[in-house]
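Work through the exercises below with the sequence and the model in view, and try each task before reading its solution.

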Amino acid sequence: MSEAPRYHVPHSSPWPIVGSCALFVTAFGAVNFIHQTSEKIGAEGSFGKPIFYTGLAMIAFMFFGWFGTVIRESIRGMNSGLLDRSYRMSMAWFILSEVMFFAVFFGALFYARIISVPWLAGAGTNLETHLLLWPDFAETWPLFMTPSGDATQAMEAWGLPFINTVILVTSSVTVTFAHWALKKNQRILLGAWLGLTVALGATFLTLQVVEYIHAYTELGLSLGAGIYGSTFFMLTGFHGAHVTMGTIMLTVMLCRVLTGHFTSDNHFAFEATSWYWHFVDVIWLFLFTFVYWF
Amino acid sequence: MVARAEDVIPQRSALWAFITRWLLTTNHKDIGTLYLWLSFTLFFTAGAMAMAMRLELFEPGLQFIEPLFYNQMLTMHGLLMVFGVVMPGFVGLANWQIPLMIGAPDMALPRLNNFSFWILPFAFGLLISSLFMDGGAPNFGWTFYAPLSTTYGPPSTDFFILGVHMMGISSVLGAINIIVTIFNLRTPSMKLMDMPLFVWTWLITAFLLIMVMPVLAGAVTMMLTDRHFGTSFFSAAGGGDPLMFQHIFWFFGHPEVYILILPGFGIASQIIPTFARKKLFGYHSMVYATAAIAGLSFVVWGHHMFATGMPLATELFFMYATMLIAVPTGVKVFNWVATMWRGSMTFETPMLFAIGFVILFTIGGFSGLMLALVPADFQYHDTMFVVAHFHYVLYPGAIFGTMAAVYYWIPKWTGHMYDERLGKIHFWMAVIAVNLTFFPMHFTGLAGMPRRIVDYSLQFADFNMVSSIGAGILGLSQVLFLYIVVKTIRGGEKATTQVWEGADGLEWTVPSPAPRHTFETPPEFPPVMNRDADERTPVSTT
């Protein structure tokens with residue numbers, strides 16, 4: 001063949017079915033794991049935990065295999081500009097779906113703050129609900145005392161969370177510097193900026209763990225501490241999970257940069273990672289504003 | 001010994017080749033076929049559950065099944081029909097047809113396409129296995145309202161939750177693939193406003209999927225943490241609200257019902273012009289109407305909750321926004337009718353199903369308008385009238401749409417014409433039975449028969465018996481459909497390239513059956529349709 005194929009359609013691939021099995025094993029294991037540990041069901045004797053971890057390992061195996069194949073194809077020059085555009089579009093739409101996932105939890109936060117907590121305290125036409133159910137309940141946000149009497153303290157915004165904001169915004173800048181360096185083919189600078197970004201991501205996660213320990217041990221702020229704790233931990237938790245994912249992706253990119261992958265005009269994986277990183281950064285800014293600050 | 005080994009090995013390798021072909025395939029036609037068969041299999045599974053319910057409702061009193069089992073049948077029927085039948089059915093059609101209709105070599109991300117499909121059998125395996133667990137399958141209805149699903153849900157609810165997560169991953173990845181294929185792999189000479197309407201409606205459907213499947217994932221995640229990790233999203237004692245579940249669910253749920261119908265609109269818009277031998281009337285308005293319906297679908301979710309507690313102003317907003325949807329939907333119905341107006345119509349089976357779609361879907365649309373009225377909805381809410389409404393839009397809407405598409409395109413897929421006589425019998429059986437089954441529910445509902453209850457008051461006995469008889473005939477008619485499909489695959493009159501005299505579009509320029517790989521180089525658009533063509537040189541047979 002004299003010219004490259006117009007659009008690379010792989011003939012068959014084992015990785016999707018590996019991935020499907022992996023998802024199934026993970027899901028099946030997760031439920032059994034939860035059932036083993038949950039007081040509500042207490043199903044003893046199922047092997048939930050090992051099955052769940054096996055599933056996760058299978059997912060990691062799938063990613064290695066699948067992305068490895070794609071990388072090898074790219075290096076062999078089997079990818080066209082058109083395929084590159086497919087990848088870009090897919091990543092953008094995928095990020096939109098992630099935005100919507102966070103939107104639900106923000107929706108729950110706003111619903112609690114604007115509707116359910118005031119209503120329980122008798123706002124609008126809900127005086128009777130208030131008097132009949134929990135006449136002593138008073139509206140505050142953060143919700144220091146739930147209707148059923150669980151108490152918690154609020155997380156202060158201008159301590160660790162603010163430091164984390166600075167760290168994450170800085171890391172968004174450094175990843176952009178790394179991208180500029182890659183485009184100008186300055187490999188040393190690229191490695192340095194990317195390494196710094198990974199370090200900032202890891203620092204963010206460490207501080208997040210410190211914050212969680214502080215919340216649980218000193219503030220009485222936990223998942224079970226009413227709707228404030230629920231929204232706080234679910235939002236920051238899912239964000240943290242995404243930062244973890246992003247840091248892993250950045251680390252992979254760093255390893256690939258050190259192995260000599262990517263050229264100044266062919267580095268989709270790097271760009272996708274940086275888009276993802278900017279996305280978790282923007283989500284954090286919303287989190288900082290609505291979960292911690294106001 | 002040697003001879004025997006030689007006997008065995010080819011057999012084993014043939015089986016192995018069969019398994020690996022379907023497990024590892026990246027071909028959009030193979031994956032489309034897989035989706036369609038999955039959808040068909042679950043159609044009979046969920047249909048059997050409906051039969052169990054109609055059997056129990058044949059007479060007042062408890063005859064055959066326990067109330068708890070009835071609730072499980074009800075829940076699984078709804079979940080499987082929505083997520084396992086209509087959605088995979090449409091995705092299967094999209095897989096087969098979109099690359100053929102836009103002149104693409106395959107889907108944009110063929111491996112991801114395989115992944116999207118093969119998640120589903122596992123997800124539905126997880127869901128269906130809950131029927132055999134201690135405490136039974138989920139029994140709270142397909143809407144899984146909290147606290148029925150959180151505080152009171154059976155242990156299997158958690159398998160249901162993870163199953164929904166897997167379906168969500170599959171749907172989002174599939175939707176991304178479809179959008180990228182349409183935007184990126186369209187043949188360059190086809191502009192966006194040249195695209196066939198099936199492609200347009202699927203583009204908009206895929207957008208809706210990307211927007212709302214993550215919302216569903218969030219909702220079930222909150223359920224899971226409420227159930228096991230002490231969160232209070234849906235618990236007033238912790239400052240949350242069970243009503244919030246309904247808001248989140250229907251924010252997903254209303255766009256979801258358009259996901260279940262928009263590709264059907266696209267199918268009707270392909271078939272009616274072919275058999276009316278006229279161009280589609282008002283192509284542009286069809287596209288804009290579809291987009292308008294999709295946009296409005298995000299701001300009408302409250303109409304599912306009129307009776308469950310909302311401020312008056314909110315109810316009024318949702319009422320007016322909902323009624324606004326009648327405008328673009330009306331545009332579509334008028335356009336279909338105007339396309340048929342003074343056309344040279346013939347009534348092959350796909351056309352029959354498409355006309356059945358237009359008429360019966362419109363009835364479902366009208367009962368939807370009735371339900372949109374806040375004061376009237378207080379009477380209709382949670383009655384069989386609602387069941388009648390959404391079965392009118394889903395059965396003669398989504399399901400007839402899918403069947404019309406299968407009859408329309410199966411000659412292209414298999415290379416054989418289906419049996420026209422049997423097809424017509426299937427249509428008339430189905431269309432009579434569907435009305436027999438669901439029309440009486442309007443009356444029982446208006447008279448106050450609640451939905452989702454295993455037993456009913458004596459005055460509803462006659463209408464329920466009619467419904468049950470209708471349901472039996474409807475079930476049989478689909479067995480006939482299965483027979484017709486299998487018969488067409490195995491043989492039949494050879495289909496020409498163009499298949500239908502009035503057909504227009506790129507998919508009718510490839511041979512029947514479509515070769516494994518098509519449009520490896522982008523075709524010219526618009527294609528020159530050969531009105532009396534019989535056979536042309538095959539494009540590619542590799």
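Two residues are in contact when heavy atoms of theirs lie within 4.5 Å of each other. The model used throughout is a predicted one.

**Exercise 1. Describe the interface between chain B and chain A, beginning with how many residues of each chain are in contact.**

Step 1. Applying the contact cut-off to the two chains gives 65 residues of chain B in contact with 63 residues of chain A.

Step 2. The area buried between chain B and chain A is about 5600 Å², and carbon and sulfur atoms give 76% of that area.

Step 3. Turning to specific interactions, the count between the two chains is 1 salt bridge, and B:Arg111 forms a salt bridge with A:Glu73 in which the closest N and O atoms are 2.9 Å apart. The count of residue pairs in polar contact between chain B and chain A, both at pLDDT 80 or more, is 14.

Step 4. On the side of chain B that touches chain A, the elements giving two or more residues are helix 1 (2–24), helix 4 (110–129), helix 5 (157–184), helix 6 (197–228) and helix 7 (242–259) of chain B. Helix 6 of chain B supplies the largest share of that side, with 14 residues.

Step 5. Sorted by class, the side of chain B that touches chain A holds 43 nonpolar, 16 polar and 6 charged residues.

**Exercise 2. Characterise chain A as a whole, starting from how many helices and strands chain A has.**

Step 1. Chain A has 8 helices and 0 strands, and from the N terminus on its elements therefore read α-α-α-α-α-α-α-α, with helices and strands taken as DSSP runs.

Step 2. Along its principal axes, the C-alpha trace of chain A spans about 80 × 45 × 35 Å.

Step 3. Of the 294 residues in chain A, 49% are buried, while the accessible surface of the chain comes to about 13900 Å², with 70% of it belonging to carbon and sulfur atoms.

Step 4. To see how the chain meets itself, take the contacts in chain A between residues at least 6 apart in sequence: 71% of these join residues at least 24 apart.

**Exercise 3. Find how many salt bridges the whole structure contains, and examine which parts of chain B the pair B:Arg516 and B:Asp30 ties together.**

Step 1. A search over all chains finds 9 salt bridges.

Step 2. B:Arg516 and B:Asp30 form a salt bridge, with their closest N and O atoms 2.9 Å apart. Because B:Arg516 lies in the segment after helix 16 (461–490) of chain B and B:Asp30 in helix 2 (residues 28–56) of chain B, this pair ties together parts that are 486 residues apart in sequence.

Step 3. B:Arg516 is partly exposed, with a relative accessible area of 34%, whereas B:Asp30 counts as buried at 4% relative accessibility.

Step 4. The side chains of B:Asp158 and B:Arg227 also meet in a salt bridge, at 2.8 Å from N to O. Since B:Asp158 is in helix 5 of chain B and B:Arg227 in helix 6 of chain B, the pair ties together parts that are 69 residues apart in sequence. B:Asp158 and B:Arg227 are both buried.

Step 5. A further salt bridge joins the side chains of B:Glu501 and B:Arg277, at 2.6 Å from N to O. B:Glu501 belongs to the segment after helix 16 of chain B and B:Arg277 to the loop between helix 8 (262–276) and helix 9 (283–296) of chain B, so the pair ties together parts that are 224 residues apart in sequence. B:Arg277 counts as partly exposed, at 29% relative accessibility.

Step 6. In chain A, a network of salt bridges links A:Asp84, A:Arg88 and A:Glu271.

**Exercise 4. Decide whether B:Thr201 is buried or exposed, and then describe the surroundings of B:Thr201 and of A:Arg187.**

Step 1. B:Thr201 lies in helix 6 of chain B. Its relative accessible area is 1%, and B:Thr201 is therefore buried, the cut-off being under 20%.

Step 2. Leaving aside residues up to four places away in sequence, B:Thr201 touches B:Leu262, B:Pro263, B:Phe265, B:Gly266 and B:Thr290.

Step 3. A:Arg187 is found in helix 6 (residues 187–219) of chain A, and with a relative accessible area of 27% A:Arg187 is partly exposed.

Step 4. With the same sequence neighbours left out, A:Arg187 touches A:Leu182, A:Val257, A:Gly260, A:His261 and A:Phe262. The C-alpha atoms of A:Arg187 and A:Ser264 are separated by 9.9 Å, although the two residues are 77 residues apart along the chain.

Key
Residues numbered from 1 in each chain as written. Chains lettered and ligands numbered in written order. Heavy atoms only, no water. Buried area = accessible area lost by both parts, 1.4 Å probe. Salt bridge = Lys/Arg side-chain N within 4 Å of Asp/Glu carboxyl O. Polar contact = N/O pair within 3.5 Å; in protein donor to acceptor, adjacent residues only side chain to side chain. Helix = DSSP H or I, 4+ residues; strand = E, 2+ residues; numbered from the N terminus. Nonpolar A, V, L, I, M, F, W, Y, C, P; charged D, E, K, R; others polar. Buried < 20%, exposed > 50% of the residue type's maximum accessible area, 1.4 Å probe, protein only. Areas by Shrake-Rupley, 256 points an atom, 1.4 Å probe, with all protein chains shown as cover.
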